[in-house]
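Work through the exercises below with the sequence and the model open. Try each task before reading its solution.

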Amino acid sequence: MRRTTFGWIAFAGALLAPAIASAQISCARGGLQRAVDLYIAAQTKGDTSGLPLAKGLGYYENAAPADIDKGIIKKALTIDHQRSLLDTATCQTFTEVVVTDKANPYVLGTRLRVNHDKIAEIEILWTTTGYWLFNVDNYLKYSTEEKWDPIPAEKRDSRDALVGAANAYLDAFLEGKIDLVPWGFPCVRTEGGAYTGKGLPSDSCEVGVPSGVNIANRRFVVDEVIGSVVAYCTFGAGGPNGGSGSPDTHLFRVEDGKLRYVHTLTHLLQSAFRGNAAPPPPRSTQ
């Protein structure tokens, strides 16, 4: 009798395993990481059947609603590098994905929003060959050389401080008030694949910051544990003199209140760039 009872318990446990796995998605850090892990698995296979998607899911690509069945998430990608922010306050994640496959190179910025135990929103901004300063080998090289380790609890900046640092940087594009930006030294920026660093203590992210461009439509995902914030935005408001209005992400690492790393992705064909200033040349990976 005991053996029979034990057998039924084991059998029931096996049946419940998938449900328990799905229930691990939540707004806690572990639950958000679970959502990221499931997304990475789905993106690797090009198969979303393993994602616990909410009814009425919102799916977006490059700041516009899109059909998930025709989306890039349905494209199997070999991921060479990933980095994620976990925002427990807003129940969101951001994942930077680097794919160096010569036939299908990409850098993605993927946002998930979790609602209880389901993924309610997926937003992907992607760049590839022919897009703004795209150089996936450079992006991988510089991104993997950086340290985005957790910051000790007593040294962490607040959520407001992280968003404030991001806003100050983005505001400088319009107003040119670069003295209000909490510049750190060294600070390096990777933009599509172009890189501002020279390996010097004086390296600055101020290099090449234009003026007169309204970085608009900002939405933030924040992770105080790793001192990071990403802004989903548009590079300009789309006016004739204020930038293209192209979908954009700016990812920041902040240490002791100062900018340390900046990564930018812009969904803009290089051939469509209509600015007056020439883009900075990408540095060699050699």
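**Exercise 1. The hairpin of E1 and E2**

Task: find which residue is the bridge partner of Tyr 60 in E2.

Solution. Step 1: in E2, Tyr 60 has Pro 65 as its bridge partner. Strands (E, at least two residues) and helices (H or I, at least four) are DSSP runs, numbered from the N terminus. Two strands pair if DSSP finds at least two bridges between them.

Step 2: the pairing of E1 and E2 is antiparallel, over 2 bridges. Strands of a sheet pair through backbone hydrogen bonds, either parallel or antiparallel.

Step 3: E1 and E2 make a hairpin with 2 residues between them. Asn 62, in the turn, has a positive phi of about 50 degrees.

A note on the source: this is a predicted model, in which local features need pLDDT of at least 70 and side-chain atom pairs count only at pLDDT 80 or more, while totals for chains, interfaces and linings use all residues. Residues are numbered from 1 along each chain as its sequence is written, and side-chain values use heavy atoms, with hydrogens and water left out.

**Exercise 2. The sheet of 6 strands**

Task: state in what order the strands of the open sheet of 6 strands lie, and which are the edge strands.

Solution. Step 1: the order is E2-E1-E6-E5-E4-E3, and the pairing is mixed. Strand E2 (64–65) and strand E3 (81–87) are the edge strands, each pairing on one side only.

Step 2: look for a parallel pair. Strand E1 (residues 53–61) pairs with E6 in the parallel sense, over 5 bridges. Leu 53 has Ile 119 as its bridge partner in E6.

Step 3: look for an antiparallel pair. Strand E5 (residues 106–115) and strand E6 (residues 118–127) run antiparallel and are joined by 9 bridges. Asn 115 has Lys 118 as its bridge partner in E6.

**Exercise 3. Helix H3 and Leu 140**

Task: name the residues that Leu 140 touches, not counting residues up to four places away in sequence.

Solution. Step 1: Leu 140 lies in helix H3. Contact means heavy atoms within 4.5 Å. By this rule Leu 140 touches Asp 80, His 81, Val 98 and Thr 100, with residues up to four places away in sequence left out.

Step 2: take Val 98 from that list. Leu 140 and Val 98 are 42 residues apart along the chain, and their C-alpha atoms are separated by 6.6 Å.

Step 3: for the protein, consider contacts between residues at least 6 apart in sequence; 60% of them join residues at least 24 apart.

**Exercise 4. The disulfides**

Task: find how many disulfides the structure holds, and say which parts each one ties together.

Solution. Step 1: there are 2 disulfides. A disulfide is a covalent bond between the sulfur atoms of two cysteines; here the test is a pair of cysteine sulfur atoms within 2.5 Å.

Step 2: one disulfide joins Cys 27 to Cys 91, with 1.8 Å from S to S. The torsion about this S-S bond is about -100 degrees, so the disulfide is left-handed. Cys 27 lies in the loop between helix H1 (2–23) and helix H2 (29–45), and Cys 91 in the loop between E3 and E4, so the pair ties together parts 64 residues apart in sequence.

Step 3: compare accessibility. Buried means under 20% relative accessible area, exposed over 50%, and partly exposed in between (1.4 Å probe, protein chains only). Cys 27 is partly exposed at 32%, whereas Cys 91 is buried at 6%.

Step 4: a disulfide also joins Cys 187 to Cys 205, with 2.0 Å from S to S. This link is left-handed, with -90 degrees about the S-S bond. Cys 187 lies in the loop between helix H4 (159–175) and strand E7 (188–191), and Cys 205 in the loop between strand E8 (194–195) and strand E9 (215–223), so the pair ties together parts 18 residues apart in sequence. Cys 187 is buried at 0% relative accessibility, and Cys 205 is buried at 0%.

Step 5: with the bonded cysteines numbered in sequence order, the pairing is 1-2, 3-4.
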